[in-house]
Amino acid sequence: MTPYVQPPEPLALYGPEFAADPRDHYRRLRGHGPLAPVRLAPGIDALLVTDYQAAVDLLRDTHTFTKDPRAWQATVPDDSPVLPVLGHRPTALFSDGDVHARYRDAINDSLALMEPHVLRAEVARVARRLIGEFAATGDADLIAQYARRLPLHVFVTWFGVEPGDGERIVNGIAGMFNSTENATTAYADLVEVVTELVAARRARPRRDLTSYLLGHPAGLDNDETVRQITLIMSAGHDPTTNLIGNALLHMLTDARYAGSLHGGAMTAHEAINEVLWQDPPLANLGAHYPRDDTEFHGVRLRAGQLVLVSYAAANTRSAPGPSDSAVRSGASAHLAWSAGPHRCPAKQPALLIAMTAIEQLTSQLCDAELAVPAGGLKWRPGPFHRALIRLPVRFTPVDMSAEAHRHRTAGEAADGQQAVSIGP
Ligand code: HEM
């Protein structure tokens, strides 16, 4: 029997210290074994899995663990800033077994409607339009002016969101991941916009994913549809923005890219892959709760206790050491898309969006370089994501006005079409 070891004090995973140096936090946590106590917000503690094998075992073990947070949630204040991410909603993310399969089928079938070549063309068109808005100025914040706007446009198009509601959607999603006092309001606003959209499509279906989900054989009611859409948007938008941002930063700072977007020998594909190993956009999530008191990888767990997976820590070295730079290699895959029944269902479209976004930028602004020292860049607070606040760059101004006109004209024609292929 494993001897009981007094757990250390929980390490805070919120606030500027964690945001500035998460790797140091992961290194310290690994020193306590495969699971270590963390604090997600004042008064909200969890156990964090930092070991690769323990993470895979947990993510696949539906017998020992449930995704339903309600027993844990009953112990947490209603206004806790982590609830917009961890609080129960009737979605795929918080359900097990047949209920999960029903939601997951509807989500998978909707995502399967994306035609990759149509999606690529749509993303490239929007990318060039966004780049055209700042190309002539010679500087830009690639998060606010590019990485955050591009996936939003894709989601707005997929779900048929009215153009004027786009900003509310992106603010709602960003707000809920920040895990600050505003997180609850942000999520409530997101739900309100999507509820209006679902009611409108129930009354008059169109050729968009909202209408498709409403008509799916799973028979989702309005609220279930609202919740799956907000899940797809929130699980999709923020991580895709951050994958683009983190990969661009990697290209701008890694010597193999020669400090600019087009100077080195490596490709966008390689930059994305390295970021998925070293700086995954969803750093810590995979919330699970033991169904009963149990022991897991030598640690005693109480029924209903919150256990999270650190995808970021599990991807990097499992033994504590002076450097986290060595990543696992060989047959084991990185965990940036999670694993088991709740792994990301949108890996392919997400990769396609990120890849196309970066390729467009590198082909248009080939000498872009960081406009501030890399050490001065700030990361958003919160325990769940790895997200730059800003990514300021400068470059030789490019005149894209002729092309912008061409794409505006093409775009006006294309705006009447969908990036999805729904039925014959
Ligand atoms: C088009 C963009 C994306 C969409 C629509 C999307 C959608 C989703 C959905 C619906 C889930 C819940 C699945 C379930 O519970 O069965 C999920 C989970 C997940 N996604 Fe994605 N996603 C996208 C992009 C990304 C990106 C860029 C990443 C990071 C590289 C990512 C990483 C994950 C992870 C780690 C999970 C598991 C969540 C957890 O830990 O609880 N996703 N995604």
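This briefing walks through the ligand site, one long-described helix and a handful of individual residues. The model is predicted. The ligand takes up the space of the largest cavity, and 28 residues surround it. Helix α13 gives the most to that shell, with six residues, and is a good place to start looking once you have found the ligand.

**Around the ligand**

- Of the 28 residues around the ligand, the ones that come nearest are H100, R104, G286, Y311 and C344.
- R104 has a polar side-chain atom 2.7 Å from an oxygen atom of the ligand.
- For Y311, an N or O atom of the side chain is 2.5 Å from an oxygen atom of the ligand.
- H342 also offers a side-chain N or O atom, and this one is 2.9 Å from an oxygen atom of the ligand.
- The elements that give two or more residues to the shell are α6 (97-111), α9 (149-159), α13 (222-253) and β6 (284-290).
- By residue type, the shell divides into 20 nonpolar, six polar and two charged residues.

**Helix α13**

- α13 gives six residues to the shell around the ligand.
- With 32 residues at 1.5 Å a residue, α13 should span 46 Å, and its end C-alpha atoms are indeed 46 Å apart, so the two values agree.
- Most of α13 is covered, as 28 of its 32 residues are buried.
- The N-terminal end of α13 is capped by D221, whose side-chain oxygen lies 3.1 Å from the backbone nitrogen of D223.
- D238 of the same chain region is reached from outside the helix: its side chain and that of R148 make a polar contact of 3.4 Å.

**Buried residues in loops**

- R148 sits in the loop between α8 (143-147) and α9. Its relative accessible area is 16%, which is under the 20% cut-off, so R148 counts as buried.
- D208 belongs to the loop between α11 (183-203) and α12 (209-215). At a relative accessible area of 1%, D208 is buried.
- The side chain of D208 joins that of S211 through a polar contact of 2.8 Å.
- S338 is in the loop between α15 (311-315) and α16 (347-364). Its relative accessible area is 15%, and S338 is therefore buried.

**Positive phi away from glycine**

- S338 is not a glycine, yet it has a positive phi of about 65°.
- H297 is another residue other than glycine with a positive phi, in this case near 45°.
- The place of H297 is the loop between β7 (294-296) and β8 (299-301). With 35% relative accessibility, H297 counts as partly exposed.

**Exposed and partly exposed residues, with their distant partners**

- A112 lies in the loop between α6 and α7 (116-134). It has 60% relative accessibility, which is over the 50% cut-off, so A112 counts as exposed.
- A112 and A346 are 234 residues apart along the chain, and their C-alpha atoms are separated by 9.1 Å.
- T75 is in the loop between α4 (70-73) and α5 (83-86). At 62% relative accessibility, T75 is exposed.
- A polar atom of the T75 side chain lies 2.5 Å from the backbone oxygen of W72.
- T75 and G304 are 229 residues apart in sequence, with 9.9 Å between their C-alpha atoms.
- Y212 is part of helix α12. Its relative accessibility is 22%, and Y212 counts as partly exposed.
- From Y212 to D109 the C-alpha distance is 9.3 Å, although the two are 103 residues apart in sequence.

Methods: Residues numbered from 1 in each chain as written. Predicted model: local features only at pLDDT ≥ 70, side-chain atom pairs only at ≥ 80, totals over all residues. Heavy atoms only, no water. Near = heavy atom within 4 Å. Polar contact = N/O pair within 3.5 Å; in protein donor to acceptor, adjacent residues only side chain to side chain. 1 Å grid on protein atoms, 1.4 Å probe; cavity = no way out; pocket = protein on both sides within 12 Å on 5 of 7 lines; lining within 4 Å. Sits in = over half its atoms within 2 Å of the grid points. Helix = DSSP H or I, 4+ residues; strand = E, 2+ residues; numbered from the N terminus. Nonpolar A, V, L, I, M, F, W, Y, C, P; charged D, E, K, R; others polar. Expected span 1.5 Å × (residues − 1). Buried < 20%, exposed > 50% of the residue type's maximum accessible area, 1.4 Å probe, protein only.
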